[in-house]
Amino acid sequence: MKLKQFFRYQEFKWVYWLAAVFVLAGLWRILWNSGVTVSWWQRFYGTLDDAVFFRWEEFLALNSHRNTFIAGAGFTLTFVLGLLLELSGRLSKRANWCILVIAVMAAFMHLPCLCRGREATQRIFCQSRLKGLGVALTAYAGTYGEFPCDLQVTMPDGAPLAESDHYFDLKKMIYHGAGKKPSDGTFLLVEDPFRNHAGDLRHRLNSKGTVSAAHDWKANSP
């Protein structure tokens with residue numbers, strides 16, 4: 001009883017409860033947003049059916065940097081109940097201030113979850129780079145009458161055909177245009193390598209400069 005009196009349990013029980021919800025929601029948000037769930041799931045590659053593995057890998061990768069229901073519900077509950085208790089005036093001024101601080105922290109920590117996911121950003125960037133590569137390949141074919149033997153060639157002005165970076169490595173891209181001409185019609189020119197994106201999404205560039213995306217495993221799944 002002396003311990004409860006020391007912590008003024010009856011006065012601060014709502015503060016303790018909201019703080020517990022806030023901490024649990026924060027821990028779940030940190031775990032989910034850190035990408036640990038994606039890394040953990042990728043260990044199951046080869047042990048599960050491709051349709052099951054890639055479907056869930058894509059879901060986790062696209063949502064691991066977004067707001068989740070559990071974390072969002074926890075933060076929203078903390079903010080709403082904290083604000084209602086603050087406005088009700090039923091608690092002491094000190095307890096009200098504690099709840100208000102927790103509610104404000106919950107509101108501010110809720111905002112960064114609205115950012116775009118890393119995987120989604122990488123996909124948009126990859127599509128943009130493929131379109132740029134398509135323009136360069138078309139220009140090269142217009143000058144020499146055929147597409148280059150590989151993607152490591154230089155343009156007539158001496159500049160490289162394209163440059164690699166962290167998300168777009170020319171050495172890993174699968175190139176199908178060696179020795180082919182624009183007059184050969186529409187055909188696959190460049191595509192992503194295996195598992196370049198979560199869910200084994202493949203971006204493909206055709207000879208007309210159009211970029212598309214497909215999951216090969218979906219065509220093979222029942």
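Rings of Phe, Tyr and Trp, the last taken by its six-membered ring, form an aromatic pair if their centres lie within 6.5 Å; planes over 60 degrees apart count as edge-to-face. By this rule the count comes to 13 aromatic pairs. The model is predicted.

**Exercise 1. Ring pairs**

Task: Classify the pair of Trp40 and Phe44 from its geometry, then do the same for Phe53 and Phe54.

Solution.

Step 1. The ring centres of Trp40 and Phe44 are 5.0 Å apart and the planes stand at 80°, so the pair is edge-to-face.

Step 2. Trp40 is partly exposed, at 45% relative accessibility. Phe44 is also partly exposed, at 29%.

Step 3. Phe53 and Phe54 make an edge-to-face pair, with 5.4 Å from centre to centre and 70° between the planes. Phe53 has 0% relative accessibility and counts as buried; Phe54 is buried at 1%.

Step 4. These four residues belong to a cluster linked by ring pairs, whose members are Trp40, Trp41, Phe44, Tyr45, Phe53, Phe54, Phe194 and Trp217.

**Exercise 2. A contact from helix to loop**

Task: State which parts of the chain the salt bridge of Glu57 and Arg195 ties together, and find which ring Arg195 lies over.

Solution.

Step 1. A salt bridge needs a side-chain nitrogen of Lys or Arg within 4 Å of a carboxyl oxygen of Asp or Glu. In the pair of Glu57 and Arg195, the closest N and O atoms are 3.2 Å apart.

Step 2. Glu57 is in helix α4 (residues 50-63) and Arg195 is in the loop between β2 and β3, so the salt bridge ties together parts that are 138 residues apart in sequence.

Step 3. Buried means under 20% relative accessible area. Glu57, at 3%, counts as buried, whereas Arg195, at 28%, is partly exposed.

Step 4. Arg195 also lies over the face of Tyr45, at 4.3 Å from the ring centre. Tyr45 is one of the residues in the aromatic cluster of Exercise 1.

**Exercise 3. The surroundings of β3**

Task: Decide whether the two faces of strand β3 are covered or open, and list the residues on each side.

Solution.

Step 1. In a regular strand the side chains alternate between the two faces of the sheet.

Step 2. On one side of β3 are Leu201, His203 and Leu205; on the other are Arg202, Arg204 and Asn206. Every one of these residues is buried, which leaves both faces covered. The count for the strand, residues 201-206, is 6 of 6 buried.

Step 3. β3 has antiparallel pairings with two strands. With β2 (residues 188-191) the pairing runs over 3 bridges, and with β4 (residues 211-215) it runs over 5 bridges.

Step 4. Individual partners can be read off: Glu191 is bridged to Arg204 of β3, and Leu201 is bridged to His215 of β4.

Step 5. The hairpin of β3 and β4 has 4 residues between the strands, and Gly209 in this hairpin takes a positive phi near 90°. The C-alpha atoms of Gly209 and Gly132 are 8.9 Å apart in space, although the two residues are 77 apart in sequence. Gly132 lies in helix α7 and is partly exposed at 40% relative accessibility.

**Exercise 4. Two salt bridges with buried partners**

Task: Compare where the partners lie in the salt bridges of Arg204 with Glu191 and of Arg123 with Glu119.

Solution.

Step 1. Side chains of opposite charge can pair when their charged atoms come close. The structure holds 8 salt bridges.

Step 2. The side chains of Arg204 and Glu191 meet at 3.0 Å, N to O. Arg204 is in strand β3 and Glu191 in strand β2, so this salt bridge ties together parts that are 13 residues apart in sequence.

Step 3. Both partners are buried: Arg204 has a relative accessible area of 17%, and Glu191 has 8%.

Step 4. Arg204 and Glu191 are part of a network of salt bridges that also links Asp200, Arg202 and Asp216.

Step 5. Arg123 and Glu119 meet at 2.9 Å, N to O. Both lie in helix α7 (residues 118-144), 4 residues apart, about one turn of the helix.

Step 6. Arg123 counts as buried at 12% relative accessibility, and Glu119 is buried at 9%.

Result: the salt bridge of Arg204 and Glu191 joins strands β3 and β2, while Arg123 and Glu119 both lie in helix α7.

Technical notes: Residues are numbered from 1 along each chain as its sequence is written. Side-chain values use heavy atoms; hydrogens and water are left out. Buried means under 20% relative accessible area, exposed over 50%, partly exposed in between (1.4 Å probe, protein chains only). Two strands pair if DSSP finds at least two bridges between them. Rings of Phe, Tyr and Trp (its six-membered ring) pair if their centres lie within 6.5 Å; planes under 30 degrees apart count as stacked, over 60 as edge-to-face and the rest as tilted. A charge sits over a ring if NZ of Lys or CZ of Arg is within 6 Å of the ring centre and within 35 degrees of the ring normal.
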